[in-house]
Amino acid sequence: MRTIRIFDTTLRDGEQSPGASMTVDEKVQLARQLARLGVDIIEAGFAISSPGDFESIKRICGEVEGPIICSLSRAKEEDIKRAWEAIKDAPRRRIHTFHSTSDIHLKYQFRVSRDEALKRSAEMVKFARSLEEDVEFSPMDATRSDPFFLCEVIEAVISAGASTVNIPDTVGYTTPDEFGILIKTIREKVSNINMSVISVHCHNDLGLAVANSLSAVINGAGQIECTINGIGERAGNCSLEEVVMGLRTRRDFFNADTSIRTEEIMRSSRLVTKITGIPVQPNKAIVGANAFAHEAGIHQDGLLKEKTTYEIIRPESIGLQSARLVLGKHSGRHAFKERLKDMGYEPSPEELEKAFERFKHLADQKKEIFDEDIEAIVSEEVYSIPEIYSLSDLYVEGGTSRRPSATLKLRIGEKTVEKTGFGDGPVDATYKTIVDITGTKSKLLSYNVKGITGGTEAMGEVSVSLEEDGRTVRGYGADTDIIVASAKAYINALNKLAYLKIGR
Ligand code: KIV
Ligand code: ZN
């Protein structure tokens, strides 16, 4: 049984999904979860692309243990140096450098000849190798490149020291059989291929990213690049949960598996949705809301008699047990802290205190506290950013015969400001009043509300995205009252915008 390495690029290619930008703290939080999930390599960003990317890679290197931490860089000395600066303190690290090899890219985008592309690729791998032993090279647009030239480049970069060669289907153009043949050709024609791991990086423009990656595994690939929920540039990347569960479920066929702790899949998926605000379609394989919902009577009948009649994956194997009751009103600080630890969170004493207060408050309103409720509290209280604005009080009126209004008291630094405003509904009135009080000029791009756990006394979670001066941020709020959750989400997004303005 071969073990296929999982290279997660949610923080780099995933962040290239429109509107998916993440703050440094959110990236560190997600990287911790990826480590719990057991990915082999985390591509933490593209160091030269922005100070924020550089800082998040550096922080992940210092704070996240386990996986190899990698930075992307173009095949340019200044990029590679910056990548090295960002990763150098990680105990296990990698430089990933790339250069296009297709004639379309070389002719129209980079205006260089094949010879120049080959020479630069090999030189830059050699330069990266002078800084770091673990170097990955990607011939961008490999699947639209001349296979003979592609093999020449691969042979040259392996001679220059690349320990992984990654074959990207950059525009999601290939098909499973064709891609499998390409991987086989590389294995047969590149004389030094045994000195390197073959990786694949498939985009999903034709909906084939997972199938193409699996076909590559059959033909000898030893590493798959993928993202949680399949997010990424355009139609996204190969979805981690699908490719991992494909291999796990059909180990008998692939004779290959990964080291992923699949029980962490659901939590990773939810965290990515929460941080990026990109929802998962209900019928998405593995992590969609309907992935384990059986509607047809004949299926339900079979399941009741014997689960394997219609279930190929046990829901528990991806961490989807029916929400577990963990704590209640009488639980103490110690039990709360232990539960957080089991869930992988280790807050500082101050953060724990804040989260515990929220928990007690929630336990007064809601009899049963589930893991999802605790996750909502943690993401608000522990991974919060400095608060310029905070909600002191909110009172709303509405209904069928009243003009909806909201009276809010907001703290802005040391001051408290109170105002009343009107709107088309209580959320609209609340948002208009917040804008009136704060004098902010951001545009509301999206508003989503969902119940975290079942029942009408459940917590509601609201996510919004706001845009100002070309920056898009997402804000979250959770509360048993959805108008309060809505206000918190809007204020959280305003705080993020303010935080970004002061240079983070
Ligand atoms: O899609 C692509 O080609 C990439 C490379 C940088 C690996 O993301
Ligand atoms: Zn890509």
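## A buried proline in strand S6

A residue counts as buried when its relative accessible area is under 20%. In this predicted model, Pro139 has a relative accessible area of 1% and is therefore buried. Pro139 belongs to strand S6, and, leaving aside residues up to four places away in sequence, it touches His99, Thr101, Leu150, Asn166, Ile167 and Pro168. Tyr173 stands 34 residues from Pro139 along the chain, and the C-alpha atoms of the two are separated by 15 Å.

Strand S6, which covers residues 135–140, also holds Glu136. With a relative accessibility of 0%, Glu136 counts as buried, as does Pro139 in that strand at 1%. Glu136 takes part in one of the salt bridges described next.

## Salt bridges

Side chains of opposite charge can pair when their charged atoms come close. Over the whole structure, a search finds 35 salt bridges. One of them joins Arg94 to Glu136, with the closest N and O atoms 2.8 Å apart. This pair links distant parts of the chain, since Arg94 sits in strand S5 (residues 93–100) and Glu136 in strand S6, 42 residues apart. Arg94 counts as buried because its relative accessibility is 1%, and Glu136, at 0%, counts as buried too.

A salt bridge is also found between Asp146 and Arg114, where the closest N and O atoms are 3.1 Å apart. Asp146 lies in the loop between S6 and helix H6 (147–159), whereas Arg114 lies in helix H5 (residues 114–131), so this pair ties together parts that are 32 residues apart in sequence. Asp146 is partly exposed, with a relative accessible area of 26%, and Arg114 is partly exposed as well, with a value of 29%. In a further salt bridge, the side chains of Glu316 and Arg314 meet at 3.2 Å, N to O, and Glu316 counts as partly exposed at 40% relative accessibility. Beyond these pairs, Asp25, Arg32, Arg59 and Glu63 are linked in a network of salt bridges.

## Helices H5 and H6

Helix H5, which holds Arg114, packs against H6 at an angle of about 25°, with the two axes 8 Å apart. Angles under 35 degrees count as roughly parallel, and H5 and H6 are therefore roughly parallel to each other. Their crossing is right-handed.

From H5, the residues Arg114, Ala117, Leu118, Ser121, Ala122 and Val125 meet Phe149, Glu152, Val153, Ala156 and Val157 of H6. Sorted by class, this contact has eight nonpolar residues, one polar residue and two charged residues. Arg114 is thus a part of the contact with H6 and also the partner of Asp146 in a salt bridge.

## Helices H1 and H11

Helix H1 (residues 24–37) and helix H11 (residues 265–276) pack at an angle of about 165°, and their axes are 10 Å apart. That angle makes H1 roughly antiparallel to H11, since angles over 145 degrees are counted in this way. H1 passes H11 in a left-handed crossing.

On the H1 side, Glu26, Gln29, Leu30, Gln33, Arg36 and Leu37 make the contact, and on the H11 side they meet Ile265, Arg267, Ser268, Leu271, Val272 and Ile275. By class, the contact of H1 with H11 is made up of six nonpolar, three polar and three charged residues.

## Helices H16 and H17

The axes of helix H16 (residues 426–438) and helix H17 (residues 482–501) come within 10 Å and cross at roughly 35°. H16 passes H17 in a right-handed crossing.

The residues of H16 in this contact are Pro426, Val427, Thr430, Tyr431, Ile434, Val435 and Thr438, and those of H17 are Ile483, Ser486, Ala487, Tyr490, Ile491 and Leu494. By class, the contact of H16 with H17 has ten nonpolar residues, three polar residues and no charged residues.

## A loop arginine

Arg250 is found in the loop between helix H9 (240–249) and helix H10 (251–254). With a relative accessible area of 41%, Arg250 is partly exposed. Ile312 is 62 residues away from Arg250 along the chain, and the C-alpha atoms of these two residues are separated by 9.8 Å.

How values were computed. Residues numbered from 1 in each chain as written. Chains lettered and ligands numbered in written order. Predicted model: local features only at pLDDT ≥ 70, side-chain atom pairs only at ≥ 80, totals over all residues. Heavy atoms only, no water. Axes fitted to C-alpha atoms, helices over the stretch in contact; angles between N-to-C directions. Helix = DSSP H or I, 4+ residues; strand = E, 2+ residues; numbered from the N terminus. Parallel < 35°, antiparallel > 145°, perpendicular 65-115°, else oblique. Left-handed = near helix turned anticlockwise from the far one by under 90°. Contact = heavy atoms within 4.5 Å. Nonpolar A, V, L, I, M, F, W, Y, C, P; charged D, E, K, R; others polar. Salt bridge = Lys/Arg side-chain N within 4 Å of Asp/Glu carboxyl O. Buried < 20%, exposed > 50% of the residue type's maximum accessible area, 1.4 Å probe, protein only.
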